[in-house]
Amino acid sequence: MSDFIIPTRAQSDARLRRGYSRLAGFARDKRYTVADRFEERANDSAAIPFILFEDHAISYAEADLFANRVANAAMQAGLGPGDVVALMMLNRPEFLLIWIGLAKIGVVAALINTSTTGAALAHALREVEATALIVDTPLVPAVAALDAAALPRLIFEDSEAGIAKQGHPGWIDFNQRLEAASDRRPGREHRAHLVMGDPLYYIFTSGTTGLPKAARMSHLRFFNAGEMMAGLLDFGADGVIYDFLPLFHGAGGMVVPSVAMAEGRPLLLRRKFSRTEFWNDIRRHHVTATYYIGEIVRYLLAAPPRPDDRDHTLRAMCGAGLRADHWRAFVDRFGVADIIEGLGATEGNYSLSNADNRIGSVGRLPYPDATNIRVLKWDMEAGDHARDAAGKPLLARPGEVGELIAEVLDGTGIAGYFEGYTNRAASEAKLLRDLFRPGDAWFRSGDLVRFDADDYFFFVDRLGDTFRWKSENVSTQEVEAALGRFAGPEMVNVYGVHVPGAEGRAGMAALTYADPAHFDPAAFYRHCEGELAPYAVPVFVRIGVTADLTATFKLRKVDLQRQGYDPAAVGTDRLYIADPAGQTYVPLTPDTLARLAFPPFERDAA
């Protein structure tokens with residue numbers, strides 16, 4: 001893997017066009033939707049499995065009949081074009097088939113993160129103006145805990161076989177409605193007004209600040225994801241793609257299903273990732289491709305080597321967040337031929353894909369001037385774009401770190417299409433206007449990158465108040481707001497810190513107490529778990545008597561991030577680490593780090 005020969009720009013371009021060429025004929029104003037695509041597959045691939053799940057295989061024809069019942073049951077409940085149905089479900093086939101059924105009648109689904117609770121859940125329902133909510137039985141308590149005023153007018157409970165129902169008064173049994181509904185296809189007139197550029201569903205992203213935002217995901221974006229990846233993965237007549245990521249996310253819920261639909265091939269669905277069953281699943285179902293996140297690769301490498309490590313059918317993977325050292329080790333050990341690392345954003349109007357297997361790179365722009373992507377040089381000390389004497393932002397040169405931006409383009413194609421959020425103010429906040437010429441607009445990715453002389457791009461870090469942990473964006477502002485409701489600390493400062501060998505950064509909360517002895521670690525742990533999604537619960541806590549403030553009374557984070565959880569760097573402050581088994585925070589010592597499987601702190605090489 002060390003003898004990489006840089007392809008010519010024409011060769012890289014040809015590889016990328018395996019995906020781009022498949023988008024010919026797609027346009028924002030074309031009257032063709034994902035429901036149309038799925039019905040075509042139910043006709044031309046009727047007997048082929050669409051979803052493989054545990055011991056079941058659901059063919060495209062069978063899936064279409066189920067989706068038809070969803071559509072007809074929704075219409076009988078009074079739902080139709082213009083309505084939004086929030087969907088809060090765990091990974092199982094019904095998740096996909098429900099939003100496909102809703103799409104048949106022009107209803108937009110809003111895919112809710114299953115970890116969302118409390119104020120964040122109420123905000124999510126309000127943000128999309130949900131008419132109805134379909135909730136999986138295990139997630140009912142989170143919904144039932146909300147005030148009635150925060151709930152949509154219709155609530156359907158969807159119970160999986162064998163799971164007892166909660167029986168809340170006024171809630172509708174979705175299964176009974178489906179059993180009574182016709183499986184006849186609803187007429188296309190119910191969605192005849194839709195074009196590719198209209199929303200298919202909303203996916204929530206934490207963005208850079210505040211509560212989660214609902215990103216508009218159009219039918220065109222869905223097609224783009226599948227056609228691009230199907231081409232790059234060489235996903236064809238024998239293809240089977242593996243999906244173990246949450247279906248409410250862009251990767252698990254959009255890219256993987258779209259690839260399967262693009263070719264009329266199976267999708268192997270798992271409730272959640274399992275390291276022990278991963279390769280067994282690959283072999284049993286002859287999986288040829290999957291979508292990864294960097295942390296998954298680390299888990300797979302952590303398993304003890306086996307003689308049959310290369311005895312499998314997996315030939316290609318696409319994804320994001322793969323460290324160079326893990327990448328090299330994974331290919332050497334498991335022999336997967338193609339790793340297509342990329343960089344993008346749920347709501348972004350650009351994408352980078354590394355089709356050349358250049359280890360560590362997130363993609364190449366063979367002809368960068370022909371794209372809508374640019375990189376604005378970043379001033380690390382100032383925490384802003386570097387500027388010239390006239391105050392204009394400077395473009396980064398090879399080797400320099402900068403923020404990736406992408407021009408918002410007009411026209412009917414997918415290139416440069418920024419769909420934004422349901423919230424106009426949030427959409428506008430992502431744009432830089434009049435940057436290079438009057439009237440231009442550029443999407444801010446929030447990603448710091450660098451590129452080399454051959455225009456290979458490398459991810460550096462996230463900007464601002466967001467860090468990534470367990471492949472989720474964590475908003476420090478949102479976490480600080482939640483922790484601020486915990487009685488005791490005078491100041492709360494949240495940031496991400498480097499953990500050797502881990503993807504992203506672990507959350508750390510610096511709490512200020514006049515008397516640090518007043519910190520109650522068990523009570524604080526209970527508060528965090530009750531207020532935050534699991535990935536947002538701080539891994540580390542730092543207790544001090546003073547907070548580091550700027551002259552304008554803003555909390556500093558940079559020095560705290562550099563010090564991380566290094567006992568030698570924090571002076572008299574106390575350090576704690578989360579102990580999930582004990583439901584508390586415990587003093588950070590070499591022994592507790594070892595017991596909780598965290599490495600000693602090291603300076604971040606980046």
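In this predicted model, the side chain of D173 reaches the backbone nitrogen of N175, at 2.9 Å. D173 itself belongs to strand β7, which covers residues 172-173. With a relative accessibility of 17%, D173 counts as buried, because the cut-off for that class is under 20%.

Aromatic residues offer plenty to look at, with a count of 33 ring pairs. One of them joins W99 and Y201: the ring centres lie 5.0 Å apart and the planes stand at 90°, so this pair is edge-to-face. The two partners come from distant parts of the chain, with W99 in helix α4 (residues 93-104) and Y201 in strand β8 (residues 199-205), 102 residues apart. Both W99 and Y201 are buried. Another pair is formed by F273 and F278, whose ring centres are 6.1 Å apart; their planes meet at 55°, so the arrangement is tilted. F278 has a relative accessible area of 1% and is therefore buried. F273 and F278 also take part in a cluster linked by ring pairs, together with Y242, F244, W279, Y299, F330 and F334.

Rings in this model also meet charged groups. The charged end of K213 sits over the ring of Y421, at 5.4 Å from its centre. K30 is likewise placed over the face of Y32, and here the distance to the ring centre is 5.8 Å.

Turning to the backbone, eight strands make up an open sheet with mixed pairing, in the order β2-β1-β11-β10-β12-β13-β14-β15. Its edges are formed by β2 (56-59) and β15 (352-353), each of which pairs on one side only. As a general point, strands of a sheet pair through backbone hydrogen bonds, in either a parallel or an antiparallel sense. Strand β1 (residues 49-53) and strand β11 (residues 267-269) are paired in the parallel sense, over three bridges. Across this pairing, L52 stands opposite L268 of β11.

Helices pack on the sheet as well. Helix α3, spanning residues 60-76, touches β1 and β2, and its direction makes about 75° with that of β2. Helix α9 (residues 250-263) also packs on the sheet, where its contacts are with β1, β10 (241-243), β11 and β12 (289-293). The direction of helix α9 makes about 160° with that of β10. Strand β1 is thus a handy place to start when viewing this region: β1 pairs with β11, is touched by helix α3 and is touched by helix α9.

Terms used
Residues are numbered from 1 along each chain as its sequence is written. This is a predicted model: local features need pLDDT of at least 70, side-chain atom pairs count only at pLDDT 80 or more; totals for chains, interfaces and linings use all residues. Side-chain values use heavy atoms; hydrogens and water are left out. Helices (H or I, at least four residues) and strands (E, at least two) are DSSP runs, numbered from the N terminus. Buried means under 20% relative accessible area, exposed over 50%, partly exposed in between (1.4 Å probe, protein chains only). A polar contact is a pair of N or O atoms within 3.5 Å; within protein, one must be able to donate a hydrogen and the other to accept it, and residues adjacent in sequence count only if both atoms are side-chain atoms. Rings of Phe, Tyr and Trp (its six-membered ring) pair if their centres lie within 6.5 Å; planes under 30 degrees apart count as stacked, over 60 as edge-to-face and the rest as tilted. A charge sits over a ring if NZ of Lys or CZ of Arg is within 6 Å of the ring centre and within 35 degrees of the ring normal. Two strands pair if DSSP finds at least two bridges between them. Contact means heavy atoms within 4.5 Å. Axes are lines fitted to C-alpha atoms, for helices over the stretch in contact, and angles run from 0 to 180 degrees between N-to-C directions.
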